[in-house]
Amino acid sequence: MLIICDFLLAKPDLPDNYKEATWLKLKEAVCAIHHKTSIQYSLEELYKAVENMCSHKMAATLYSQLKAECEQHVKSNLVQFTGYPFQFLGHHSMDSVLYLGKLKQCWEGHCRQMIMIRSIFLYLDRTYVLQNTSILSLWDMGLHLFRSHIMVNPIVQRRTVDGLLQMIEKERHGEAVDRSLLKSLLRMLADIQMYEDAFESKFLEATDVLYSQEGNRYMQETDVPKYLAHVDKRLKEEMDRLIHYLDQSTRYKSGA
């Protein structure tokens with residue numbers, strides 16, 4: 001009876017090349033997701049492959065291989081933003097908006113890809129990752145890779161923040177801007193924990209300069225009632241920005 005129980009509990013032996021062959025199959029699926037092509041295996045088959053690798057103590061290797069594959073893909077996206085031919089020419093150019101639109105497209109594509117990848121590697125995420133607090137979840141790993149290999153780059157960070165500030169300044173001067181673009185990229189900065197250090201401090205500084213200069217000018221050119229009406233109008237505009245695209249943390253630092 002004991003022999004029978006041991007037989008039932010024992011895991012079947014795997015082919016000698018199982019690890020390599022299974023990873024190759026999974027890698028093909030990840031590459032298909034990254035390059036937006038069809039996956040030739042069913043999701044059930046891929047999920048089961050991940051489960052089998054984890055059950056046979058291959059989870060650590062699988063995590064490392066997946067991270068390396070995702071990292072390589074994220075790195076390949078950097079050149080389109082550092083070598084981008086557009087020049088930032090202040091208010092007289094739409095180039096910065098096109099640049100930000102391309103970044104938004106890349107970011108949202110990256111998020112969709114990580115969601116699909118996680119659905120395949122869900123067993124890995126819910127077992128090996130949860131048991132090892134020193135490593136990131138697959139979603140957080142994706143955020144970390146995008147931050148480390150794209151947004152921390154000084155050229156990308158400067159162009160992005162300058163472009164966002166330009167759009168907000170244009171809106172403050174009465175021009176129509178793409179608020180969905182602002183919302184998406186500011187949320188991206190918050191998700192990868194760069195909102196405060198990379199954007200918010202420069203935004204608050206630009207806000208102080210603008211309204212200090214504007215306040216001094218209005219005090220000299222108009223009477224008190226008109227000045228107070230203008231201040232009230234500006235406060236409502238800034239509150240509207242907080243509602244539509246700024247992170248709520250900015251509210252308490254801006255005094256809005």
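## Helix packing and hollows

The crossing of H2 and H4 is right-handed (clockwise turn of the near helix from the far one by less than a right angle; left-handed if anticlockwise). This is a predicted model, where local features need pLDDT of at least 70 and side-chain atom pairs pLDDT 80 or more, while totals for chains, interfaces and linings use all residues. Residues are numbered from 1 along each chain as its sequence is written, and side-chain values use heavy atoms, leaving out hydrogens and water.

### How the helices pack

Let's start with three helix pairs. Two packed helices are described by the angle between their axes and the distance between the axes. Helices here are DSSP runs (H or I, at least four residues), numbered from the N terminus. Axes are lines fitted to C-alpha atoms over the stretch in contact, with angles from 0 to 180 degrees between N-to-C directions.

| Helix pair | Angle between axes | Axis distance | Crossing |
|---|---|---|---|
| H2 (residues 18-34) and H4 (residues 59-76) | roughly 30° | within 11 Å | right-handed |
| H4 and H7 (residues 122-131) | about 115° | 10 Å | left-handed |
| H9 and H10 (residues 179-191) | about 140° | 11 Å | left-handed |

With axes that cross at roughly 30°, H2 and H4 are therefore roughly parallel to each other (under 35 degrees; over 145 is roughly antiparallel, 65 to 115 roughly perpendicular and the rest oblique). On the H2 side, the contact (heavy atoms within 4.5 Å) is made by Lys-19, Trp-23, Leu-26, Lys-27, Val-30, Cys-31 and His-34. H4 answers with Thr-61, Leu-62, Gln-65, Leu-66, Glu-69, Cys-70 and His-73. Sorted by class, these are seven nonpolar, four polar and three charged residues (nonpolar: Ala, Val, Leu, Ile, Met, Phe, Trp, Tyr, Cys and Pro; charged: Asp, Glu, Lys and Arg; polar: the others, Gly among them).

H4 also packs with H7. In that contact, Ala-59, Ala-60, Leu-62 and Tyr-63 of H4 face Leu-124, Tyr-128 and Val-129 of H7. This contact has seven nonpolar residues, with no polar and no charged ones. Leu-62 of H4 thus takes part in the contact with H2 and in the contact with H7.

The angle of H9 and H10 is about 140°, and the two are therefore oblique to each other. Leu-164, Met-167, Ile-168 and Glu-171 in H9 meet Arg-179, Leu-181, Leu-182, Leu-185, Leu-186 and Leu-189 in H10. That gives eight nonpolar, no polar and two charged residues.

### A cavity and a pocket

Now for the empty spaces. On a 1 Å grid over the protein atoms alone, a cavity is a set of points where a 1.4 Å probe fits but cannot get out; a pocket is an open set with protein on both sides within 12 Å along at least five of seven lines, and lining residues have an atom within 4 Å of a point. Volume is the space filled by probe spheres set on the points, which are joined across faces, edges and corners.

The whole structure holds one cavity of 30 Å³ or more, and the largest cavity has a volume of about 30 Å³. Its lining is made of His-34, Cys-70, His-73, Val-74, His-110, Gln-113 and Met-114. H4 and H6 (95-120) are the elements that give two or more residues. The lining has three nonpolar, four polar and no charged residues. His-34, Cys-70 and His-73 from this lining also belong to the contact of H2 with H4.

The second largest pocket has a volume of about 250 Å³. Of its 12 lining residues, Leu-165, Glu-169, Lys-202, Glu-205 and Ala-206 are the closest to the centre. H9 (154-172) and H11 (195-221) each supply at least two residues, and H11 gives the most, with seven. By class, the pocket lining divides into six nonpolar, two polar and four charged residues.
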